[in-house]
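Here's a quick tour of a predicted model, written for someone who'd rather be at the bench. Have a look at the fold first, then read on.

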Amino acid sequence: MNAFKAQSVIISLMAAILAFGLDRAQKAFAVSADCIAIGAAPCVDIFTSYVPATLTNWRGGEVVRVTDFFDYVLVWNTGISYGLLTDLPSWGLGLIMLVAVVALAIWWVRADSSLIRLGLAFCIGGALSNGLDRLIYGAVADFFHFHIGASSFYIFNVADMAITLGVILLILDLLGVGRVRAAKT
C-alpha cells in the first residue's frame with residue numbers, strides 16, 4: 001500500500017469514527033437511559049409534545065424552539081429515510097441496514113479514490129450509528145427539525161448529516177472533482 005493510499009485509509013477511518021462517535025455522544029446526552037431495551041421499544045410509542053425542563057433524559061415528544069424555522073426535538077423514526085418502510089419490523093430494517101453497510105464496506109475496501117473512500121466512510125459511520133439505534137431503542141432518534149410555519153421538513157440527526165455529506169462527496173467524485181485530468185496529446 002503506497003503512502004497516499006495509507007493516508008487516505010486512515011483519514012477515512014477517522015471520518016467514520018467521528019461520524020459514529022458524534023452521533024452516539026449526542027444521543028447519549030439527550031436520550032433517557034430508560035429508552036434502552038434491546039428487542040423492545042419502551043419509548044418509541046410515547047409522544048406528547050412538551051417543552052422539557054432540561055436537555056437530558058428525553059423519551060420522545062420534547063420540543064425546544066430555537067428559531068422561527070428550527071426546533072430541537074426528539075422524534076422516533078421507525079422507518080428509514082423520510083419514514084419509508086415503517087411497517088417493516090425493526091429486525092427487518094436492521095437486516096437491510098446491515099446489508100447496506102456490508103456493501104458500502106466492500107466498496108470502501110476496493111475504492112481507489114480518497115474522495116470515494118471518505119464519502120463511504122461518512123455513510124458507513126452514520127449508518128452504523130442509526131443501526132445501533134434500532135438495536136438499542138427500537139427506532140432511530142432524530143433531533144433537528146426545520147420547518148416554515150406548519151410546513152414541516154426533514155427531521156434528522158448527526159448520523160443523517162454524515163450520510164448526506166458522504167453522498168455529496170460521492171456525487172462530487174462522480175462529477176470528476178479531485179481527479180487528475182489526463183493531458184491531451
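The protein chain has 4 helices and 4 strands, where helices (H or I, at least four residues) and strands (E, at least two) are DSSP runs numbered from the N terminus. Reading from the N terminus, the order is α-β-β-α-α-β-β-α. The C-alpha trace spans about 65 × 40 × 30 Å along its principal axes. Of the 185 residues, 40% count as buried; buried means under 20% relative accessible area, with a 1.4 Å probe and protein chains only.

A word on ground rules: this is a predicted model, with local features needing pLDDT of at least 70 and side-chain atom pairs counting only at pLDDT 80 or more, while totals for chains, interfaces and linings use all residues. Residues are numbered from 1 along each chain as its sequence is written, and side-chain values use heavy atoms, with hydrogens and water left out.

Now to the strands. Strand β2 (residues 70-77) has 7 of its 8 residues buried, so the rest of the structure largely encloses it. It has two pairing partners in the table below, and two strands pair if DSSP finds at least two bridges between them.

| Strand paired with β2 | Sense | Bridges | One bridge pair |
|---|---|---|---|
| β1 (residues 63-65) | antiparallel | 3 bridges | R65 with D71 |
| β3 (residues 140-148) | antiparallel | 6 bridges | W76 with A141 |

Between β1 and β2 sits a hairpin connection of 4 residues.

On to the helices. Helix α1 (residues 3-30) has 28 residues and reaches 41 Å from its first C-alpha to its last, close to the 40 Å expected; that expectation is 1.5 Å times one less than the number of residues. Buried positions in α1 include S8, V9, S12, D23 and R24.

Helix α2 (residues 90-110) is where you'll find L98. Together with W91, L95, V99, V102 and I106, L98 makes a nonpolar surface patch of about 630 Å². Patch residues have over 30% relative accessible area and no salt bridge, and nonpolar side chains are joined within 5 Å. A salt bridge here is a side-chain nitrogen of Lys or Arg within 4 Å of a carboxyl oxygen of Asp or Glu, and areas come from the Shrake-Rupley method with a 1.4 Å probe.

Which cysteines form a disulfide? C35 and C43 do, with their sulfur atoms 2.0 Å apart; the cut-off is within 2.5 Å. The torsion about their S-S bond is about -90°, so the disulfide is left-handed. C35 and C43 are both buried. C123 counts as buried too, at 6% relative accessibility.

Notes. Buried means under 20% relative accessible area, exposed over 50%, partly exposed in between (1.4 Å probe, protein chains only). Patches are made of residues with over 30% relative accessible area and no salt bridge: like charges are joined within 9 Å, nonpolar side chains (Val, Leu, Ile, Met, Phe, Trp, Tyr) within 5 Å.
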